[in-house]
Amino acid sequence: MRTPEGRRPEGDRPEGRRPEGDRPEGDRPGHRPIVSHGDNQGVISSGDHAMNVVYIDNRFTGTPGLLELPLRRLDVLKPPLRRPLFGREELVRQVTDQLRSGRSVQLYGVPGVGRQAIALEVTGRLGAHGRRGAVLLPQAGPADTLAAVYDRLARQVFGKEFLRGVEEDLLRAAVAKVSAHFTLVDCALSGAELARLQQTFPRCTFLLTSPYRTLTNSPDTVHHVQPLGRAAAAELLGAELGLPLGPVGLQNLQFDQAYRMAEGRPQRLLQYAAFIRGSDDWRARAAEAPFDRPGPVDPGQVSPLQQAEILAVALSEPARQVLVALATFGSPLHVAWFAAVTGNPYTTACGAELYDRRLVTLHGHGYEYRITADADAAVRAQGWPPTPATTAAEGILALLARVAGPGLPPPDPQLLLAVAHGLDAAGKRAEASRFVRATTPLALRAGHRRAAVQLYALGRVAASQAGLTEDLDFYLRTGEQTRRLLDGDRIAAAAALAFLASTAGQAAVTAATGAGQAASAGQIGRHVGRIGRKLLHLAQAKPAVAVVTAVAVAGGATTVAVVAASSPGSPAGCSTAYHSLDGRNPNGVMTPQELAAHYRRAATGLGDAAAEATDPHVKSVLQNRADELSSQADAQERAGNRLASDGTDYDENPTAVGLLAGIEAYRSDLASLQVILPVCPDE
């Protein structure tokens, strides 16, 4: 239970956990300030829990761990934007009662039989009783894994588009007291995975639709959805045609033959009704209304696929172009993107025509369209040329440049992937590279890390084949480090973030001030990259201690920021300051005494740099950092065989302490770099 502001009442709080707003700034476990990194501002969760990243305003930014994040107050479940169901009332009532009793339910059956419509109707009835939760509709592309379902549920519960995968154990602890309902449409998880899902969300109910039975721990809440019976199918057809169909009317409409060809699937019966309404005989008799006995029609051997072809051929040209685009790219399309993807401004108002012909289904809030299986087959059977990828790419980029902002719904990431693939297949390598660089942030912003990584891979290949040196450098550096940031372990991610600070900063400087400034940012990148490579080496060499060392690394990495100045030359003392960061422990492991010596060398180097500095501000900054390092050296020397940071004894666990000491040294170098960069931008 939560208040309208999203906070738990005092009596409903996990033991030992305080609301975020009540916790003093210095008392928040893992708290880190948000720091910008070049043209990426991300949220990084460090502290005692797994690092995570989100993408906001074209920048990566860091958030607290799951156990520190406040839970979002979920919305009351809403009824579907659909017509009434026929022949399903008993099943809807039974499933609703089972879910209200706190049990999870599965609906399984062949595609097109109406599982989703039943699930959404049940969800709406739960909402009528005040139940809160969310509906997860199927996404274009591969079926969701359990990890992907966890990611999507975490976004709902915490209100953040996490880019790194959430850890199951942490998620289970964070949502232990969450009480909500989730409807998962087209859920392909196995029985064992569903059991884990229920264990992770013990106080939540799930309504799952699946092609086959997988919920095995509660047999009486698993329902096989059968095709519509003849009476219910006749009632549905009559409702679609707006007529009470008696025996004669059904006979005239060749209902028995149509019912047999539709196999009792509601979507095909809806399409048949649209086919009847579009016939010449039906339109001719419409002028004679009212009548309750429609004249004879003869569908003959017109199969559902042929009906879809006839309906598609009869579309207006703008509506046909939208249908072809849906078939070409294989992803849902919001009405806001119709004109951009097709290149025709008159397509914006075509959604109603497509839906009236039952060639598409509606999703979201009624503005996102998906092509039906029969309509997709009809487009291909007609042999219509696909929508050119160049047309879609140009339209998408133009709309982004004109209307970029929160008012524009993001395109489906699978659409971006399909367009990029299409450009590459057409030999438009330069266009593909430019498209990927411009649109990957959309996938990142929506939390689709798989699509973002695939887009970067496509862009890298396209830039290489097109001979675009600058783009290729961007993909080899930023694309690869983004992949490490999103998929690597915590140390690799921390190192990638540090590296992104340099390469992203270089791209921003080059774009803003010209190639003449790129060298200075590249020099900065070498300093950050050197430390980052050491962290990556440590992560790969010692994977077993990644969890132990992650906190220290993440803490250092999230404080790195690149500032590139445009003034010529480098202030006196800067060269010596940067050289003070050169590491002397190539294996990344050191004793506490060696850590003290590391601090002392860095303090001496920065002190020498301050002595060389002629600018008073530079001198002050470098000397202050030298004094801080000298104090750290003193403290570590006094600690002897223990780490001054946490008191861990080297004699008790030399391997772990040696690794932690190495990480402390790199963390110190990163902190020094943060101090040096603003006053020495051109070194």
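Leaving aside its neighbours within four places in sequence, which residues is Arg155 in contact with? I'll come back to that in point 5. Here are my notes, in the order I'd look at things.

1. **What you have.** Keep in mind that this is a predicted model. The chain has 683 residues, and 53% of them count as buried. In secondary structure there are 27 helices and eleven strands.

2. **Contacts and surface.** Take the contacts in the chain with a separation of 6 or more: residues 24 or more positions apart account for 72% of them. As for the outside, the chain exposes about 29000 Å². Carbon and sulfur atoms supply 52% of that area.

3. **The five-stranded sheet.** Have a look at the open sheet with the strand order 5-6-7-4-8, where the pairing is parallel. Which strands stand at the edges? They are strand 5 (133-136) and strand 8 (222-224). Each has a single partner strand, so one side of each is left without a neighbour in the sheet. From one strand to the next, the twist averages 10 degrees. If sheets are new to you, strands of a sheet pair through backbone hydrogen bonds, either parallel or antiparallel.

4. **Inside that sheet, and a helix on it.** Strand 6 (residues 181-184) pairs with strand 7 (residues 205-210) in the parallel sense, over four bridges. To find the pairing on screen, start at His181, whose bridge partner in strand 7 is Thr205. Helix 2 (residues 115-128) packs on the sheet and touches strand 4 (105-108), strand 5, strand 6 and strand 7. The direction of helix 2 makes about 165 degrees with that of strand 7.

5. **Back to Arg155.** This residue lies in helix 3 (residues 146-158). Is Arg155 buried or exposed? Its relative accessible area is 14%, and under 20% counts as buried, so Arg155 is buried. Now for the opening question: apart from neighbours within four places in sequence, Arg155 is in contact with Lys160, Glu161, Phe162, Ala446 and Gly447.

6. **A ring pair with Phe162.** Phe162, one of the contacts of Arg155, is worth a second look. A search of the whole structure finds eight aromatic pairs. Among them is the pair of Phe158 and Phe162, with 6.2 Å centre to centre and 70 degrees between the planes, which is edge-to-face. Phe158 counts as buried at 5% relative accessibility, and Phe162 counts as buried at 1%.

7. **A ring cluster.** Why is the pair of Phe201 and Phe206 edge-to-face? Their planes are at 85 degrees and their ring centres are 6.1 Å apart, so the pair is edge-to-face; the cut-off for that label is over 60 degrees. Phe201 is buried, with a relative accessible area of 1%, and Phe206 also counts as buried at 1% relative accessibility. Ring pairs link Phe182, Phe201 and Phe206 into a cluster.

8. **Helix 6, a quick length check.** Helix 6 (residues 230-241) has twelve residues. At 1.5 Å a residue it should span 16 Å, and its end C-alpha atoms are 17 Å apart, which agrees. Its buried residues are Ala232, Ala233, Ala234, Leu236, Leu237, Gly238, Glu240 and Leu241. When you read that list, remember that an α-helix has 3.6 residues a turn, so residues three or four places apart point the same way. Just after helix 6, Gly242 takes a positive phi of about 75 degrees.

9. **The antiparallel strands.** Strand 11 (residues 368-371) pairs in the antiparallel sense with strand 9 (residues 333-334), over two bridges. Here His334 stands opposite Glu368. Strand 10 (residues 360-363) also pairs with strand 11 in the antiparallel sense, over four bridges. Which residue in strand 11 is the bridge partner of Val360? That partner is Ile371.

10. **Ala577.** Finally, go to helix 24 (residues 574-579), where you'll find Ala577. At 0% relative accessibility, Ala577 counts as buried. Not counting residues up to four places away in sequence, Ala577 touches Leu606, Ala609, Leu622 and Ile676. Ala577 and Ala610 are 33 residues apart in sequence, and 8.1 Å apart in space from C-alpha to C-alpha.

Notes. Residues are numbered from 1 along each chain as its sequence is written. This is a predicted model: local features need pLDDT of at least 70, side-chain atom pairs count only at pLDDT 80 or more; totals for chains, interfaces and linings use all residues. Side-chain values use heavy atoms; hydrogens and water are left out. Buried means under 20% relative accessible area, exposed over 50%, partly exposed in between (1.4 Å probe, protein chains only). Contact means heavy atoms within 4.5 Å. Accessible areas come from the Shrake-Rupley method with a 1.4 Å probe; for residues, only the protein chains shown count as cover. The expected span of a helix is 1.5 Å times one less than its number of residues. Two strands pair if DSSP finds at least two bridges between them. Axes are lines fitted to C-alpha atoms, for helices over the stretch in contact, and angles run from 0 to 180 degrees between N-to-C directions. Rings of Phe, Tyr and Trp (its six-membered ring) pair if their centres lie within 6.5 Å; planes under 30 degrees apart count as stacked, over 60 as edge-to-face and the rest as tilted.
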